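Let's take a walk through this one together, from the surface inward. Have a look at the model first, and then we'll pick a single residue to start from.

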Amino acid sequence: MSVNSSDLECGEPADKEVIKVYEWWVSGLATLITGGIGILGNLLSIMVLCKKSMKNLFHHLLAFLCIADLMFIITNLLMVPRAFNSNQFSSIYLMVEWLCHFSMAASVFLTIGITIERYQAVCCPYKYVGSGGKQRHYMMLMVYVIPSFILAAAFNVPRFMSNVTHNFPLEFLKFLIYFQVVHPLSTTGLIPIVTLGVMNYKIYQAIPTSTLVTSRRRRAKHFRMARIAVVLVLIFIVFNTPRLTIGIYEVTNLQLILSCFSSKNNYHMPVGQLVGDIFSQYFAVVNSSVNFVAYCMLGSQFQAEFIAVLDSIFHFKNKKIMTPMTRNSVVNNDIEEEEEEEKELGQDIELQEIPIPSQQLED
């Protein structure tokens, strides 16, 4: 039996046994272990970031990022039985898959929102609104959170339609294929990486030269925040580069995929692409699981509250790790830093608004 050229161009079915091995170890066992650590880390981080002493816009945005990461990890864990050749949760697999893509998009958009918030705080401090009354605080929080979740849902509507629709026309299939360029390649890949890279570079450049940094405490605080932003971006870039690479490769084959479906031939992805897709999904789970490590760099206040939460859960025998007096001292120091920052910021504004006569300068 001869094989025509179109069949060769559309590829051959991959070795299922090879794919199953990678799925068992990576999508199954590795995801199960990493996801378990990620769930624990994100839950502890939420408990810390939602404490009354941690109330500010930046910390609460991080808490919502933990929620999105937690949702992404849980949905991936619900798909682990499939990697072990089990039919458990198979009835809700399509919905879980959609929630997985939704939560990943929400996590990316929230990361961008956190970077914008830090950019405003460091590069535009006079226009920055990060504190205020309770109502104003939650209003500003929703300004960042609600658009992130709405955009995440909107961009995944075509995927939801493809999951619930079994027989759809060829034109809709073409739309789904071309839509891959918009989402997830651009919305959760190219645009976030470029945006986060540029904004964090500007944040890092603005800190040493900022005329508003008038004390050593404030300088240390701004540098600490900049390091957190840089670490979050580095984590995002490192663990999302494989997914971005796979997405770019798929886009380069769009015309071939469409030609195969138009000629009623099945397009078979190469083994390398299938294996790469398995690893890229796992690296996304690692990204959501290790983000809480960067939160631990928030400063002495977060570290103190984090240890206090661990102490309340596990009841450490060595109470010298962080006594209540030491923890309160650390928290009070951070509160004093914020009060000093607001006071100095007000002084800087007054100095800019009140002109100084040249005669007084000569005297």
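M95 sits in helix α5, which covers residues 93-123. Keep in mind that this is a predicted model. Is M95 buried, exposed or partly exposed? Its relative accessibility is 41%, so it counts as partly exposed, given that buried means under 20% and exposed means over 50%.

M95 also has company out there. Together with F89, I92, V157, F160, M161 and V164, it forms a nonpolar patch on the surface. The accessible area of these residues adds up to about 570 Å². Which helix gives the patch its largest share? That's helix α7 (residues 157-164), with four residues.

Now for the inside. In soluble globular proteins, nonpolar side chains tend to be buried together. Here, the largest nonpolar core has 44 residues. If you want to find its best-connected members, look for L49, L61, L62, Y295 and F302, which have the most contacts inside it. Plenty of helices chip in: at least two residues each come from α2 (16-49), α3 (57-78), α5, α6 (134-155), α8 (170-209), α9 (216-252), α11 (271-295) and α12 (300-314).

What about empty space? A search of the whole structure turns up three cavities of 30 Å³ or more. The largest has a volume of about 120 Å³. It is lined by 13 residues, and S107, V108, F236, N240 and N287 are the closest to its centre. Helix α5, where we began with M95, shows up again here: α3, α5, α9 and α11 are the elements that give two or more residues to this lining.

Notes
Residues are numbered from 1 along each chain as its sequence is written. This is a predicted model: local features need pLDDT of at least 70, side-chain atom pairs count only at pLDDT 80 or more; totals for chains, interfaces and linings use all residues. Side-chain values use heavy atoms; hydrogens and water are left out. Patches are made of residues with over 30% relative accessible area and no salt bridge: like charges are joined within 9 Å, nonpolar side chains (Val, Leu, Ile, Met, Phe, Trp, Tyr) within 5 Å. Accessible areas come from the Shrake-Rupley method with a 1.4 Å probe; for residues, only the protein chains shown count as cover. A salt bridge is a side-chain nitrogen of Lys or Arg within 4 Å of a carboxyl oxygen of Asp or Glu. Buried means under 20% relative accessible area, exposed over 50%, partly exposed in between (1.4 Å probe, protein chains only). A nonpolar core is a set of buried Ala, Val, Leu, Ile, Met, Phe, Trp, Tyr and Cys residues joined through side-chain atoms within 4.5 Å. On a 1 Å grid over the protein atoms alone, a cavity is a set of points where a 1.4 Å probe fits but cannot get out, and a pocket is an open set with protein on both sides within 12 Å along at least five of seven lines; lining residues have an atom within 4 Å of a point. Grid points are joined across faces, edges and corners, and a volume is the space filled by probe spheres set on the points.
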